[in-house]
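User: I am new to this structure and would like a close look at one part of it, the sheet. Please take me through how it is put together and what surrounds it.

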Amino acid sequence: MASGRRLAPLPLVTVGSWLLLLSYAQFGGGQKKKENLLAEKVEQLMEWSSRRSVIRMNGDKFRRFVKAPPRNYSVIVMFTALQPQRQCSVCRQANEEYQVLANSWRYSSGFSNKLFFTVVDYDEGADVFQQLNMNSAPTFMHFPPKGKPKRADTFDLQRIGFAAEQLAKWIADRTDVHIRVFRPPNYSGTIALALLVSLVGGLLYLRRNNLEFIYNKTGWAMAALVRIQMTVELNCYSKSLLQI
């Protein structure tokens, strides 16, 4: 009875080629997965930016879109405490400047998916504050596309202040993205003055035959109070428009 034929062992070159091919396939699949994940993250951030210039984030969103790779974009985060019970007046003032800056970027001709403005409020992301060992607000930080933030990626608010122009300069230093700050015109004073003049003119016309009321101090005091009230209300209205 004839013995069976013995199969010759595979050459080492063939085995090496198969291993190399397998490694390349795994690497290619992993790279494709990273690219798809990055594209999804950028698409989502752009969608949020189209709704409002500053993206609100909780702990989960912060870890996914700001901390976790892959990223090819920079993120500016304002850590703040805007809830009334926190009584942080500086937070509200800084937020107004931050909104001006974010709007200037969102509606500029240079707007792109390389920079996003976000905010983490303490009452919506206390775990983020704990994770970063942060115990003060407001704080501005830049998270670069690669690596961890450095010391210069934390804005020196105590020394520089929080004006939108100063924030824009700091962002340009960290990201090479230059933002021209545009402040919407404030017509509240002009409108209030025009209304006051119209009111006084109307009174003068109605009382044109008896102008003794001009010397009435109570009347002038009431007119002054009306003007102050109108100015305050118009200022509040213009600030609310900045945050929309």
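Analyst:
**A close look at the sheet**

Along the sequence, the chain runs α-β-α-β-α-β-α-β-α-α-α-α. That pattern holds eight helices and four strands. The model is a predicted one. Its pLDDT averages 83 over the chain, and 69% of the residues score at least 70.

Now the sheet. Four strands form it, and it is open. Their order is β1-β3-β2-β4, with mixed pairing. At the edges stand β1 (54-56) and β4 (139-143). Each has a single partner strand, so one side of each lacks a neighbour in the sheet. From one strand to the next, the twist averages 30°.

Start at the β1 edge. Here β1 pairs with β3 (residues 115-121) in the parallel sense, over three bridges. Within this pair, Val54 stands opposite Phe117 of β3.

Two helices that pack on the sheet come next. Helix α2 (residues 59-67) touches β1, β2 (74-80), β3 and β4. Its direction makes about 150° with that of β2. Helix α6 (residues 164-175) also packs on the sheet, touching β2, β3 and β4. The direction of α6 makes about 25° with that of β4.

Move to the β4 edge. The partner of β4 is β2, and the two pair in the antiparallel sense over five bridges. Ile76 stands opposite His142 of β4. In general, strands of a sheet pair through backbone hydrogen bonds, either parallel or antiparallel.

Is β4 open or enclosed by the rest of the structure? Five of its five residues are buried, so β4 is largely enclosed. Buried here means under 20% relative accessible area. In a regular strand, side chains alternate between the two faces of the sheet. Both faces of β4 are covered. On one side, Thr139, Met141 and Phe143 are buried. On the other, Phe140 and His142 are buried too. So β4 is an edge strand with one side left without a neighbour in the sheet, yet the rest of the structure largely encloses this strand.

Step back to the whole chain. Buried residues make up 30% of its 244 residues. Among contacts with a separation of 6 or more, 70% join residues 24 or more positions apart. The chain exposes about 16,700 Å², and carbon and sulfur atoms supply 58% of that area.

One caution on confidence. Over residues 239-244, pLDDT stays under 50. For that stretch, the model has eight contacts beyond four places in sequence. Where pLDDT is low, predicted coordinates should not be read in detail.

How values were computed:
Residues are numbered from 1 along each chain as its sequence is written. This is a predicted model: local features need pLDDT of at least 70, side-chain atom pairs count only at pLDDT 80 or more; totals for chains, interfaces and linings use all residues. Side-chain values use heavy atoms; hydrogens and water are left out. pLDDT is the predictor's confidence in each residue, from 0 to 100. Contact means heavy atoms within 4.5 Å. Two strands pair if DSSP finds at least two bridges between them. Axes are lines fitted to C-alpha atoms, for helices over the stretch in contact, and angles run from 0 to 180 degrees between N-to-C directions. Buried means under 20% relative accessible area, exposed over 50%, partly exposed in between (1.4 Å probe, protein chains only). Accessible areas come from the Shrake-Rupley method with a 1.4 Å probe; for residues, only the protein chains shown count as cover.
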